[in-house]
Amino acid sequence: MVRPGLARRPDVTELRQTYDRAGSTVPAQLMDGVTFLAGVCLAISPWIVGFSGLGGLAINNLIVGLTVAALAMSCASAFGRTYGMSWVVPVLGVWTIIAPWVIRGRPATTAAIWDNVVTGAIIFLFGLGGLVFAANYRQHEHGGRRRGVGAPGGEW
């Protein structure tokens, strides 16, 4: 949220538009789309893969999956307002990977472990892609030059 005194400054409006343009690039939309799908897959995986009987892990996957999907949707629709939260997605990816061993209860099945490791790795990698976009545009905010994927003048 922009402080009331800053809302009237044209450079703040321009900066927000720059962030929104960055979020609407093809690579950013692909990353957000894949991250959203990975979150939805994680949320429904206990019932698809068949480990809904592992109560703690099933509930964890549902909550983390819906959180990842919501973060991906918010970054896709309003990158100028949500880029600061992009660091949460890779953290949730790492948590997804280690959750089968950390959550107490019945031991996780091989299918549950594979599902969490693969889905967590996808969430982590595409979350890092979101961090690259955030870092490029934070650097721009401080007067640096943007480089890399998705930056204007950068490579696809």
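# Exercises on a predicted helical model

**Exercise 1. Locate Ala69 in the chain, classify its burial, and identify its partners distant in sequence.**

Step 1. Ala69 belongs to helix 4. The coordinates form a predicted model.

Step 2. The relative accessibility of Ala69 is 5%, so this residue counts as buried. The cut-off for that class is under 20% relative accessible area.

Step 3. Once neighbours within four places in sequence are set aside, the contacts of Ala69 are Phe36, Gly39 and Val40.

Step 4. For Gly39, the C-alpha atom is separated from that of Ala69 by 4.7 Å, although the two residues are 30 residues apart along the chain.

**Exercise 2. Describe the surroundings of Asn61.**

Step 1. Asn61 is also a residue of helix 4.

Step 2. Its relative accessible area is 0%, and Asn61 is therefore buried.

Step 3. Neighbours within four places in sequence are again left aside. The contacts of Asn61 then comprise Leu42, Ala43, Ser45, Pro46, Phe51, Asp115 and Asn116.

Step 4. A C-alpha separation can be added for Gly39: this residue is 22 residues from Asn61 along the chain, and the two C-alpha atoms are separated by 8.9 Å.

**Exercise 3. Determine which residues form the nonpolar surface patch and which helix gives the most to it.**

Step 1. The members of the patch are Trp47, Ile59, Leu62, Ile63 and Leu66, and together they have about 510 Å² of accessible area.

Step 2. Helix 4, which spans residues 55-77, gives the most, with four residues.

Step 3. Leu62 has its place in helix 4. With a relative accessible area of 33%, Leu62 is partly exposed. Membership of a patch requires over 30% relative accessible area, among other conditions.

Step 4. Trp47 lies in helix 3, which covers residues 26-50. Not counting residues up to four places away in sequence, Trp47 touches Ser52 and Leu62. Its C-alpha atom is 8.3 Å from that of Ala58, a residue 11 residues away in sequence.

**Exercise 4. Characterise helix 6 by its geometry, burial and confidence.**

Step 1. Helix 6 runs over residues 88-102 and has a kink of about 35° at Thr96, shortly before the proline Pro100.

Step 2. The buried residues in this helix are Val88, Val89, Pro90, Leu92, Gly93, Thr96, Ala99 and Pro100. Thr96, the site of the kink, is thus listed among the buried residues.

Step 3. For Pro90 the relative accessible area is 5%, and so the residue is buried. Leaving aside neighbours within four places in sequence, Pro90 is in contact with Phe124, Gly127, Leu128 and Leu131. The C-alpha atoms of Pro90 and Gly127 are separated by 4.7 Å, with their positions 37 residues apart along the chain.

Step 4. Confidence in the chain is highest in helix 6, at a mean of 95, and lowest in helix 1 (residues 4-7), at 54.

**Exercise 5. Summarise the chain as a whole: its secondary structure, its contacts, its surface and the confidence of the prediction.**

Step 1. The chain contains seven helices and zero strands. In sequence order the pattern reads α-α-α-α-α-α-α.

Step 2. The chain has 156 residues, of which 37% count as buried.

Step 3. Consider the contacts with a separation of 6 or more: residues 24 or more positions apart account for 66% of them.

Step 4. The exposed area of the chain is about 8,900 Å², and carbon and sulfur atoms supply 67% of this area.

Step 5. The mean pLDDT of the chain is 79, and 68% of the residues reach 70 or more.

Key. Residues numbered from 1 in each chain as written. Predicted model: local features only at pLDDT ≥ 70, side-chain atom pairs only at ≥ 80, totals over all residues. Heavy atoms only, no water. Patch = residues over 30% accessible without salt bridge, like charges linked within 9 Å, V, L, I, M, F, W, Y side chains within 5 Å. Areas by Shrake-Rupley, 256 points an atom, 1.4 Å probe, with all protein chains shown as cover. Salt bridge = Lys/Arg side-chain N within 4 Å of Asp/Glu carboxyl O. Helix = DSSP H or I, 4+ residues; strand = E, 2+ residues; numbered from the N terminus. Buried < 20%, exposed > 50% of the residue type's maximum accessible area, 1.4 Å probe, protein only. Bend = angle between axes of the 7 residues up to and from the residue. pLDDT = per-residue confidence, 0-100. Contact = heavy atoms within 4.5 Å.
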